[in-house]
Amino acid sequence: MANFHPFVVPFVLGTIALFVICGYKFVRWIKQFDRKQQALIKKNIFSTRIVPAIWEMFCECLLHLRISKKNWRLGYMHRSIAFGWFLLIVVGAIESRIGIKGPFHFWCAIFYRFFHHNIPANGTEMFFTQLMDLLLLYVLSGLFLALVKKIHSRVLGMQRTTKHTTMDIIAKISLWAIFPLRLLSESVTARLYANGGFLTQTLGDLFSRPVADFLELPLWSLYSIALCVFFLMLPFTRYMHIFAEVRNTS
């Protein structure tokens with residue numbers, strides 16, 4: 001199969017499981033409501049009220065505006081990870097649709113650099129390459145603040161941190177691993193094919209070609225596994241608020 005490698009399987013399975021589990025949870029939640037509440041939900045979805053609801057989800061799930069008003073550093077940390085990852089997905093989907101010739105699968109956008117080895121030759125390709133590196137750096141800046149918060153929460157204006165369950169901890173570790181693994185994966189591939197941007201190409205050039213060739217497949221595999229683990233844990237952890245907000249605003 002074109003544009004396929006076995007290492008994408010964990011990501012694919014994790015994505016399918018995420019949507020199936022979340023779909024089941026939504027159906028179960030709705031069934032717990034009485035008929036009047038269910039009718040109200042249907043009415044709101046198919047009315048103009050859905051527009052402000054979507055806007056509220058965007059502001060609070062991705063931009064975290066309420067948190068930012070109280071604590072801009074904490075707001076930036078949440079926003080850079082949530083909104084930055086959202087932009088990586090959206091911009092990456094556009095970039096991959098433009099760049100990949102032949103069969104296109106939904107995982108192509110996530111593992112684009114692995115499947116697309118062409119050096120950015122025109123202005124459009126170079127723009128997307130540099131933009132994706134900039135967005136990755138944006139997310140990594142938020143991840144750095146999250147690590148600082150874990151070590152010394154008062155730096156971000158917090159007196160104490162949230163207590164996590166075991167599943168929360170597993171989800172958080174996998175989430176924090178996703179973006180460094182993506183950086184390293186794209187960097188070693190950039191070393192081999194010179195298809196990286198200002199961040200990934202610079203880091204990739206620090207590796208020798210034999211080392212980059214040896215690390216490429218293991219790093220992409222770990223990146224796929226990290227995504228899978230996070231997706232599997234998400235519906236059973238505090239991160240489920242991302243999807244629960246959809247229900248709450250409807």
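This passage describes the nonpolar core, a surface patch, a buried loop residue and the aromatic pairs of a predicted model.

The largest nonpolar core of the predicted structure comprises 52 residues, among which W85, F111, I178, F179, L227 and F230 touch the most other members. Contributions of at least two residues each come from helices α1 (9-32), α5 (72-99), α6 (112-115), α7 (123-151), α8 (166-193) and α10 (209-233). The surroundings of L227 illustrate how such members meet: when residues up to four places away in sequence are left out of account, L227 touches F11, W85, I110, F111 and I178. Three of these partners, W85, F111 and I178, are themselves named with L227 among the core residues that touch the most other members.

Nonpolar side chains also appear on the surface, where F86, I89, V90, I94 and I98 make a patch of about 390 Å². Of these residues, I89 is placed in helix α5, a helix that also supplies at least two residues of the core. The relative accessibility of I89 is 44%, and this residue therefore counts as partly exposed, a class that lies between the limits of 20% for buried and 50% for exposed residues.

A contrasting environment is found for T237, which is located in the loop that lies between α10 and α11 (241-249). Although T237 belongs to a loop, its relative accessible area is 8%, so that the residue is classed as buried. Apart from residues up to four places away in sequence, T237 touches M167, D168 and A171.

Aromatic pairs were searched for across the whole structure, and 24 were found. One of them is formed by F7 and F115, whose rings are stacked, with a centre-to-centre distance of 6.4 Å and an angle of 10 degrees between the planes. Because F7 lies in the segment before α1 whereas F115 belongs to helix α6, this pair ties together parts that are 108 residues apart in sequence. Both F7 and F115 are buried, the relative accessible area of F115 being 16%.

F115 takes part in a further aromatic pair, with F114, and here the arrangement is edge-to-face, at 5.2 Å centre to centre and with 90 degrees between the planes. F114 likewise counts as buried, at a relative accessibility of 13%. The ring of F115 is thus described by a stacked arrangement towards F7 and by an edge-to-face arrangement towards F114.

Terms used. Residues are numbered from 1 along each chain as its sequence is written. This is a predicted model: local features need pLDDT of at least 70, side-chain atom pairs count only at pLDDT 80 or more; totals for chains, interfaces and linings use all residues. Side-chain values use heavy atoms; hydrogens and water are left out. A nonpolar core is a set of buried Ala, Val, Leu, Ile, Met, Phe, Trp, Tyr and Cys residues joined through side-chain atoms within 4.5 Å. Buried means under 20% relative accessible area, exposed over 50%, partly exposed in between (1.4 Å probe, protein chains only). Helices (H or I, at least four residues) and strands (E, at least two) are DSSP runs, numbered from the N terminus. Contact means heavy atoms within 4.5 Å. Patches are made of residues with over 30% relative accessible area and no salt bridge: like charges are joined within 9 Å, nonpolar side chains (Val, Leu, Ile, Met, Phe, Trp, Tyr) within 5 Å. Accessible areas come from the Shrake-Rupley method with a 1.4 Å probe; for residues, only the protein chains shown count as cover. A salt bridge is a side-chain nitrogen of Lys or Arg within 4 Å of a carboxyl oxygen of Asp or Glu. Rings of Phe, Tyr and Trp (its six-membered ring) pair if their centres lie within 6.5 Å; planes under 30 degrees apart count as stacked, over 60 as edge-to-face and the rest as tilted.
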